[in-house]
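Here are my notes on this one, point by point. Have the viewer open while you read.

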Amino acid sequence: LDTLEKWVTEIFSEIPNNGLPKPSFGHLTQPFDTPEFHKLYRVVPVRKVHSLTITWALPPQEQYYRVKPLHYISWLVGHEGKGSVLSFLRKKFWALALYGGNGETGFEQNSTYSIFSISVTLTDEGYKHFYEVAHVVFQYVKMLQKRGPDKRQVVWEEIQKVEANEFHYQEQTDPVDYVESLCENMQLFQKEDFLTGDQLLFEYKPEV
């Protein structure tokens, strides 16, 4: 560690600090304000698979990394138990799997927008009824919107505990990949959250 610290100091101390703030493109409030975005596209796949993906462009959410609102919504959307979207679609023999969320990559989350997608793997029968499948997904999202966030924090605390366990018991990763990940985190989070900001949930804020 002493040798590594010496190398880092020697190599990087020569890089001047220009004192400029981190660039933000938040003034570009409607990046998908184009007729082409509000359309249904059919894509013929290479292999035989039926998939329906619904994508929303939301205001940027990266500032709420301590709350992770999109993670909360994806947890509810991806639930597979009684009363879930997937359990209903499976009873209809329309779907095999469903997942939703935000990849938290630069393309899906930045200072201009955040993408939220729900993807459904359809059966052959589900492909024939994909409009009805889309309708069910929108009904479920509308229900979540009407009910609002869990007032008792039960769901949020459950997610928080699961993520904390995964963080504490994660497998050791390749050191180069870990350093690269930390460097990215340094551009996104406060310094006390460099190690944890992309994984842990810190604050419950239902209004967010």
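How many of the 208 residues of the chain count as buried, as a percentage? The figure is 29%. Bear in mind throughout that this is a predicted model.

1. Overall layout. There are seven helices and three strands in the chain. Going along the sequence, you get the pattern α-β-α-α-β-β-α-α-α-α. Lined up on the principal axes, the C-alpha atoms fill a box of roughly 65 × 40 × 40 Å. As for contacts with a separation of 6 or more, 73% of them come from residues 24 or more positions apart.

2. The annotation. UniProt, in an unreviewed entry, puts the feature "domain: Peptidase M16 C-terminal" at residues 2-153. In the model, that span is 33% helix and 16% strand, and its end C-alpha atoms lie 45 Å apart.

3. The sheet. The three strands make an open sheet with the order 1-3-2 and antiparallel pairing. Strand 1 (50-58) and strand 2 (95-101) are the edge strands, each pairing on one side only. On average, neighbouring strands are turned by 10° against each other, direction ignored. Six bridges hold the antiparallel pairing of strand 2 with strand 3 (residues 114-122). If you want a register marker, tyrosine 99 stands opposite serine 119 in strand 3.

4. Helices on the sheet. Helix 2 (residues 69-77) packs on the sheet and touches strand 1, strand 2 and strand 3, with its direction at about 15° to that of strand 3. Helix 5 (residues 130-147) also packs on the sheet; this helix touches strand 1 and strand 3, and its direction makes about 40° with that of strand 1.

5. Glycine 78. Look for this residue in the loop between helix 2 and helix 3 (85-91). Is glycine 78 buried, exposed or partly exposed? Its relative accessible area is 24%, so glycine 78 counts as partly exposed. Lysine 6 is 72 residues away along the chain, and the C-alpha atoms of the two are separated by 47 Å.

6. Aromatic pairs. The count comes to eight aromatic pairs. One of them joins tyrosine 65 and phenylalanine 189, which are tilted, at 4.5 Å centre to centre with 45° between the planes. This pair links distant parts of the chain, 124 residues apart: tyrosine 65 is in the loop between strand 1 and helix 2, while phenylalanine 189 is in the segment after helix 7 (175-188). Both tyrosine 65 and phenylalanine 189 are buried.

7. A stacked pair. Why does the pair of phenylalanine 130 and tyrosine 131 count as stacked? Their ring centres are 4.6 Å apart and the planes are at 25°, and stacked applies because planes under 30 degrees apart count that way. The two residues differ in burial: phenylalanine 130 is buried, with a relative accessible area of 13%, whereas tyrosine 131 counts as exposed at 57% relative accessibility.

8. Other ring features. Phe32, Phe37 and Tyr113 are linked by ring pairs into a cluster. Which ring does the charged end of arginine 66 sit over? That ring belongs to phenylalanine 202, and the charged end is 4.2 Å from its centre.

Definitions and conventions:
Residues are numbered from 1 along each chain as its sequence is written. This is a predicted model: local features need pLDDT of at least 70, side-chain atom pairs count only at pLDDT 80 or more; totals for chains, interfaces and linings use all residues. Side-chain values use heavy atoms; hydrogens and water are left out. Two strands pair if DSSP finds at least two bridges between them. Helices (H or I, at least four residues) and strands (E, at least two) are DSSP runs, numbered from the N terminus. Axes are lines fitted to C-alpha atoms, for helices over the stretch in contact, and angles run from 0 to 180 degrees between N-to-C directions. Contact means heavy atoms within 4.5 Å. Buried means under 20% relative accessible area, exposed over 50%, partly exposed in between (1.4 Å probe, protein chains only). Rings of Phe, Tyr and Trp (its six-membered ring) pair if their centres lie within 6.5 Å; planes under 30 degrees apart count as stacked, over 60 as edge-to-face and the rest as tilted. A charge sits over a ring if NZ of Lys or CZ of Arg is within 6 Å of the ring centre and within 35 degrees of the ring normal. UniProt positions are given in the numbering used here, feature names are shortened, and annotations may be inferred rather than shown by experiment.
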